[in-house]
Amino acid sequence: MMNMDMRLMQERLKQDPVYVEMFAAAGYGELKQTAPYMHNGTVATLEEVVAFYNRGGGDDANKVPRLKPLALSREEQADLVAFLEALCGDPLTGPEHVWTEKIPAHYQAIENWRDVRN
Ligand code: HEM
């Protein structure tokens, strides 16, 4: 996933709210700074993300059959984590990265999202 330029993203958001979805999902370019992972933050580290995929993903009746255990060795898993970390840039901190305008979302924000399960 690419690391979108923040100003470009802000311009696009003004034009089309559909980009809110892209904005809300952090790209791999900031992975080191965006733990915990997945939409509900249930995976604490990148090592655990890779272990999750290595065992073929979660236990879900609707899981696509093509998702199978990967049989990666410990070293291969560590290499994959190192690769993901290598995609990351500097943390996007500072006032220029703070969204100050009204977010044009068509759904309600979940205020206590850390405490609720889906
Ligand atoms: C070893 C291979 C893979 C790696 C290393 C990987 C890595 C990741 C990481 C790091 C995240 C968390 C992103 C974040 O929370 O910021 C993620 C989420 C996700 N990945 Fe993968 N991925 C792999 C394979 C796949 C495959 C095969 C699929 C689909 C068939 C997939 C679909 C998704 C989806 C839908 C999410 C979002 C899940 C959520 O937000 O709950 N990934 N992946």
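This report describes a predicted model of a protein with a ligand, going from its overall make-up to its helix packing, its loops and the surroundings of the ligand.

## Overall make-up

The secondary structure of this predicted model consists of four helices and zero strands, and from the N terminus on the elements follow one another as α-α-α-α. The protein has 118 residues, of which 2% count as buried, a class that calls for 20 or more other C-beta atoms within 10 Å of a residue's own. Among the contacts in the protein with a separation of 6 or more, 56% are accounted for by residues 24 or more positions apart.

## How α3 and α4 pack

Helix α3 covers residues 46–54, and helix α4 covers residues 74–86. The two helices pack with their axes 9 Å apart and at an angle of about 125°, which makes α3 oblique to α4, since an angle of that value falls outside the ranges that count as roughly parallel, roughly antiparallel or roughly perpendicular. The crossing of α3 and α4 is right-handed.

On the α3 side, the residues that meet α4 are Leu 46, Glu 47, Val 50, Ala 51 and Asn 54, and on the α4 side their counterparts are Gln 77, Leu 80, Val 81, Leu 84 and Glu 85. By class, the residues of this contact divide into six nonpolar, two polar and two charged.

## Two positions in α4

Leu 84 is placed in helix α4, and leaving out residues up to four places away in sequence, Leu 84 touches Tyr 28, Leu 31 and Leu 46. The last of these, Leu 46, is also named among the α3 residues that meet α4. Leu 84 is 52 residues away from Lys 32 in sequence, yet the two are 8.4 Å apart in space, C-alpha to C-alpha. Leu 84 is classed as partly exposed because 15 other C-beta atoms lie within 10 Å, a count between the limit of 12 or fewer for exposed residues and that of 20 or more for buried ones.

Ala 78 also has its place in helix α4, and Ala 78 counts as partly exposed because it has 13 C-beta neighbours inside 10 Å. Measuring aside, the model places Ala 78 and Val 50 at 8.6 Å from each other, C-alpha to C-alpha, although they are 28 residues apart in sequence. Val 50 is one of the α3 residues that meet α4.

## The loop between α2 and α3

Pro 36 lies in the loop that runs between α2 (19–24) and α3, and a cis peptide bond, with omega of about 0°, joins Ala 35 to Pro 36. Leaving aside neighbours within four places in sequence, Pro 36 is in contact with Gly 41, Thr 42, Val 43 and Ala 44. Pro 36 and Leu 46 are 10 residues apart in sequence and 8.7 Å apart in space, C-alpha to C-alpha. With 13 C-beta neighbours inside 10 Å, Pro 36 counts as partly exposed.

Met 38 is found in the loop between α2 and α3 as well, and Met 38 has a positive phi of about 75° although it is not a glycine. Met 38 is exposed, because 11 other C-beta atoms lie within 10 Å and the limit for that class is 12 or fewer.

## The loop between α3 and α4

Ala 71 lies in the loop between α3 and α4, and despite not being a glycine, Ala 71 has a positive phi, here of about 55°. Ala 71 counts as exposed because it has 9 C-beta neighbours inside 10 Å.

## Around the ligand

The ligand is surrounded by 13 residues, of which Tyr 37, Met 38, His 39, Val 49 and Tyr 53 come nearest. Met 38, named here, is the loop residue whose phi is positive, at about 75°.

Helices α3 and α4 each supply at least two residues of the shell around the ligand, and the largest share, four residues, comes from α3. By class, the shell has 11 nonpolar residues, two polar residues and no charged residues. The helices α3 and α4 that contribute to this shell are the pair whose axes lie 9 Å apart.

Methods
Residues numbered from 1 in each chain as written. Predicted model: local features only at pLDDT ≥ 70, side-chain atom pairs only at ≥ 80, totals over all residues. Contact = placed C-beta atoms within 7 Å. Near = placed C-beta within 6 Å. Nonpolar A, V, L, I, M, F, W, Y, C, P; charged D, E, K, R; others polar. Axes fitted to C-alpha atoms, helices over the stretch in contact; angles between N-to-C directions. Parallel < 35°, antiparallel > 145°, perpendicular 65-115°, else oblique. Left-handed = near helix turned anticlockwise from the far one by under 90°.
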